[in-house]
Amino acid sequence: MISIKNVLCNQSVKKHSFALKSFGFRFLFIFFTLTVTSLIVTPVHAIFHVYAPSDPILRTSYAIDDNEQKFGNIPKALRFDCHPEDGASQLSCTNRGCCWNPIDDDNDSENMYRLDAPFCYYPEDWPGYEFINSTIKGNDFSGFLIRKVKSFYNDDIPVIKMETTTLSDSILRVKINDPQSPRYEPPWPVKSNWETSRVKDSSPKYIFQTDSSRPGFAIKRAADNNTIFDAIGKGGFIFSERFLQISSLLPSHNIYGLGEHRTKLKLNTNWNSFTMFNKDQPPTEQANLYGSHPFYIVIEDSGDCHGVLFLNSNAMDIILQPAPAITFRTIGGILDFYFFMGPTPADVLRQYAEIVGKPFFPPYWSLGFHLCQLGYGSVSRTREVWNRTRNAGIPFDTQWNDIDYMENRNDFTYDKKNFKDLPQFVDEIHSMGMHYIPMIDAGVAVAEKAGTYLPYDEGLRDDVFVKDAETNQPFTGKVWNPIATVWPDFTHPNSTAYYFRMLKSMHDMFAFDGLWIDMNEPSNFLNGKVNGCTYNKLDYPQYVPHVVDRLLATKTLCMNAKHHLGSHYNLHNTYGTGQAIAANLAMRKIRSKRPFIISRSTWEGAGHYAGHWTGDIYSSWHDLRMSIPEVLSYSLYQVPMVGADICGFDGNASVSLCNRWVQLGAFYPFARNHNSDDTIVQDPVAMGDLVVESAKKALMIRYRFLPYLYTLFFKAHKFGDTVARPLFVEFTNDRNTYSIDKQFLWGRSLMIIPVLEENEVEVTAYIPPGPWYDFYSKAFTFSKGENFTLKAPLDTIPLMIRGGSILPGQTPNVTTTLSRKNKFELLVALDGNGFASGELYWDDGDSLDSFEKQQFRWLNFTVKDQKLTSRKVEKGGLSQDMILGRVSVMGISRKVHRVFLNDNSSIPFMYNKRRLYLNVRGLHVDLKRNFTLSWAFEE
Ligand SMILES: *[C@@H]1O[C@H](CO)[C@@H](O)[C@H](O)[C@H]1NC(C)=O
Ligand SMILES: *[C@@H]1O[C@H](CO)[C@@H](O)[C@H](O)[C@H]1NC(C)=O
Ligand SMILES: *[C@@H]1O[C@H](CO)[C@@H](O)[C@H](O)[C@H]1NC(C)=O
Ligand SMILES: *[C@@H]1O[C@H](CO)[C@@H](O)[C@H](O)[C@H]1NC(C)=O
Ligand SMILES: *[C@@H]1O[C@H](CO)[C@@H](O)[C@H](O)[C@H]1NC(C)=O
Ligand SMILES: *[C@@H]1O[C@H](CO)[C@@H](O)[C@H](O)[C@H]1NC(C)=O
């Protein structure tokens, strides 16, 4: 062991880097010089790389603080925190072998962030581990490292193994584990599929590097040698029993992801901590929320993108600092990284979907409007709201009930008094071509009389409840049920069959169509048990991430509670996803139709089984605005079926807020109005005429474009594409789009520009370069990449159609069932060259595996040289008729003289010269066959 006292805290950055400051530059490039003695280099298809002294490893810009020179040469932005616990002092810091340099807070203008540059930080090349050997087999590296110095944390693992797996030329896994005794790894996402489908001979888009004398590794982009991850000798690399840490430089500040958190879409790298530990926590800034998605995507300076998944389900802090750099600090499991090389954002997301699983394909009806409130309290009250919403002519597909429909708030029951007619009501809903979804909580009631509540009795018999570590009996807490609650253990082999039986018996009572699973973080009204948790290593680990209240068991189970696959300490973040899987499998079997599950708690891969709503948000303008980055971030995590409660859940919505919210909510992928029981009634009719008019207008547009939305969901399911899409995903080379989260796209073609401020009737929006059309007026705009001010009367949400697009639609009606009977439409928006293209995927909307069974039709449409043509993308055998009734074309600047169907017959049309708009109605084109529709100008 070498001594780590007297470390060098003030060395190695070249002085002249700072000289520019005197010229008044606030930002500058820093070129780090690394001197390396020995190297392990992984030749990946003979791509050899050695650090040369002049290699620009970090090439980025950041503000140089006035204190920089006063306190030595590790720039503030590059200080990696060596004392993340409270109460750092010079003594406690230097005892860890770290550097101590307090910062004068008064000079710090950015104290609004919870974190700041640490006073106590690692010296350069803190020598945690070094390589003892390494081998290269094919494309893959494997090496052992031994600990060189004790970390401050208990039970350092003396020997660790780092290995890479080339999963494809764009996906690299880097795994660091204890070779002696394998450690916990999350059971989900299931890995079997992709381990076998590995690409063997490929030319990787990445270069993997290590340095024999220092821990960590680096990844470069082979195409341009850009370093996208550099953890070699950065910060404090630690691998102990319950503290694992690795830090890396980032190649840019354009970073997205790391949810679930309430943040802007583009994350702030100015000392920000993202704590991941699933919690029943109304969304607020800086708090750990319901889900954990340790995945990020970065846009490099070149415009290329990559993504990184840190597959670890333990409680963790991820820290961003302005170098820019990232630190992963987790309290269990292993270090398991997946690198996705892109290079486009869509490529990154497709690659990531290969690992975590692609989103489930939703039933068509679930794309309609949903309505709920906690505390209707009875069937008659539920029916009244259902009825008046329909009577108002608001497009509406699915009625929901929160826990008040249950008997004693117990799962798998219904209140035989106030909800006596629930079975009949559900039948009535079905007879209108509509659907019904009830809530199910994670916890199961304990205190009902033996023999009267089978979910508990059978769960006990089948041994499926999470166990108390001290008594080995079911772990008991308290949620909504009377007296006490236990929790099914979804890692138990008996749990799937148990959940199926429970849901089946409930479905036999009333034929619900989907499931809303809640309180599955899991949430508990107690901190652990009635008397808390015992003092044990899991509930009181040496380091506790920055969870709300700094106690892991806060409003959940004790960490030492036992699941079949391990401790709650390890499995906590996966719990909700376990429930989603059990619910999905059960619903598939019960209905033999596509499951539709919405879950509050999520983990990597949750989107393969369920969608998500953003939980207990507040009826405020701030929450309205923040709902957009919340929804867009989930679309990055492969959970495209996501929405926020329209008009907010807690607190009273005002008419003006609810009015703008129904307009935005009409474009959430999951569009549901829901609120709490202690607030005003906020269904559209209750909010009055303005909200009803806005709801009808915006939802009719949604219903018109449902074939387009459905096609986007199909592409999400098949490829891992986004549905609600951040602008940067489409316009990656346009830096103006990087931080936009007040507008978003559906797919590539429809831009949604909501009003997010009270009393505004216009909205300023960024329109990326190219031709665009106002959806309402058809007005053409050619943007050079500029801000435009758009009119937004109170009942209207601005929408722009991107030139070059063809959007499939259908004449809307008030339910998806009725809309599906109508004719299709194509809305064509020409680009500057008279070109446009688009797609339509269609099937019966509810059957399982329609695509796999070839019961679909998937068409591509193109306009070129004044001619619209269709062709099949893939052959499917859907028997149902698909009739095209209307084609409209925006952006025809010459007067149309004739329109021809299939090159022969001239057909009626309307051409509006002022709007450059061609409208061909009354068509009856069978989309089973290819067709052409062309137009000719006057000679
Ligand atoms: C590397 O070192 C480890 C630990 O001592 C040992 O188990 C392993 O066999 C070594 N591998 C090679 C290739 O030498
Ligand atoms: C990347 O770096 C290596 C080694 O310095 C060099 O041989 C190679 O040409 C570089 N590639 C590119 C694309 O710059
Ligand atoms: C539902 O609405 C219809 C049409 O307005 C009305 O006749 C009926 O009484 C309503 N039913 C309930 C239960 O409110
Ligand atoms: C599953 O449940 C059955 C009773 O239905 C029980 O006999 C069996 O032990 C349980 N399996 C496990 C693995 O506990
Ligand atoms: C558009 O307006 C926003 C908000 O005022 C501003 O931040 C942005 O820089 C503007 N973009 C352009 C290209 O002018
Ligand atoms: C919806 O369809 C019904 C039944 O075909 C029809 O009576 C009604 O007018 C349609 N409503 C709208 C808004 O198109």
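The strands β34-β35-β36-β41-β38-β39, in that order, form an open sheet of six strands with antiparallel pairing. Its edge strands are β34 (724-725) and β39 (780-783), each of which pairs on one side only. This sheet, like everything described below, belongs to a predicted model. Within the sheet, strand β38 (residues 770-774) and strand β41 (residues 799-802) are joined in the antiparallel sense over three bridges. Tyr773 stands opposite Ile801 in β41. Strands of a sheet pair through backbone hydrogen bonds, in either a parallel or an antiparallel sense.

## Strands β44, β45 and β46

A further set of antiparallel pairings involves strand β45 (residues 856-864), which is mostly covered, with eight of its nine residues buried. Strand β44 (residues 836-843) pairs with β45 in the antiparallel sense over eight bridges. In this pairing, Leu859 of β45 is the bridge partner of Leu840. Strand β45 also pairs with strand β46 (residues 867-874), again in the antiparallel sense, over seven bridges. Here the bridge partner of Phe861 is Ser870, in β46. The hairpin of β45 and β46 has two residues between the strands, and Asp865 takes a positive phi near 50° in this hairpin.

## Helices α4 and α15

Two helices may be described in turn. Helix α4 (residues 345-356) consists of 12 residues and reaches 16 Å from its first C-alpha to its last, close to the 16 Å expected at 1.5 Å a residue. Its buried residues are Pro345, Val348, Leu349, Gln351, Tyr352, Ala353, Ile355 and Val356. After α4 comes Gly357, with a positive phi near 100°.

Helix α15 (residues 706-719) has 14 residues, and the distance from its first C-alpha to its last is 19 Å, close to the 20 Å expected at 1.5 Å a residue. Because 11 of its 14 residues are buried, α15 is largely enclosed by the rest of the structure. Among the buried residues are Leu706, Pro707, Tyr708, Phe713 and Phe714, and Lys715 also belongs to this group. Gly720 follows α15 and has a positive phi, near 90°.

## A buried loop residue

Asn524 is located in the loop between β27 (515-518) and β28 (562-563). Its relative accessibility is 0%, so Asn524 counts as buried. Trp487 is 37 residues away from Asn524 along the chain, and the C-alpha atoms of the two residues are separated by 10.0 Å.

## Surroundings of ligands 1, 4 and 5

The residues around ligand 1 are Ile132, Asn133, Thr135 and Phe144. On its own, ligand 1 has 360 Å² of accessible area, of which the protein covers 42%. Strand β6 (residues 129-137) supplies three residues, the largest share of the shell around ligand 1. By character, the residues of this shell divide into two nonpolar, two polar and no charged.

Ligand 4 is surrounded by Arg461, Asp462, Asp463, His492 and Asn494. The shell around ligand 4 contains no nonpolar, two polar and three charged residues. Three of the residues around ligand 4 appear in the table below, each with a polar side-chain atom placed opposite an oxygen atom of the ligand. Taken alone, ligand 4 exposes 360 Å², and the protein buries 46% of that.

Around ligand 5 are Asn736, Tyr766 and Asn787. Taken alone, ligand 5 exposes 360 Å², of which the protein buries 31%.

The table lists distances from a polar side-chain atom of the residue to an oxygen atom of the ligand.

| Residue | Ligand | Distance |
|---|---|---|
| Asn133 | ligand 1 | 2.4 Å |
| Asp462 | ligand 4 | 2.6 Å |
| His492 | ligand 4 | 3.4 Å |
| Asn494 | ligand 4 | 2.2 Å |
| Asn787 | ligand 5 | 2.2 Å |

Notes: Residues are numbered from 1 along each chain as its sequence is written. Chains are lettered from A and ligands numbered from 1 in the order in which they are written. This is a predicted model: local features need pLDDT of at least 70, side-chain atom pairs count only at pLDDT 80 or more; totals for chains, interfaces and linings use all residues. Side-chain values use heavy atoms; hydrogens and water are left out. A residue is near a molecule or strand if one of its heavy atoms lies within 4 Å of it. A polar contact is a pair of N or O atoms within 3.5 Å; within protein, one must be able to donate a hydrogen and the other to accept it, and residues adjacent in sequence count only if both atoms are side-chain atoms. Accessible areas come from the Shrake-Rupley method with a 1.4 Å probe; for residues, only the protein chains shown count as cover. Helices (H or I, at least four residues) and strands (E, at least two) are DSSP runs, numbered from the N terminus. The expected span of a helix is 1.5 Å times one less than its number of residues. Buried means under 20% relative accessible area, exposed over 50%, partly exposed in between (1.4 Å probe, protein chains only). Ala, Val, Leu, Ile, Met, Phe, Trp, Tyr, Cys and Pro count as nonpolar, Asp, Glu, Lys and Arg as charged, and the others, Gly among them, as polar. Two strands pair if DSSP finds at least two bridges between them.
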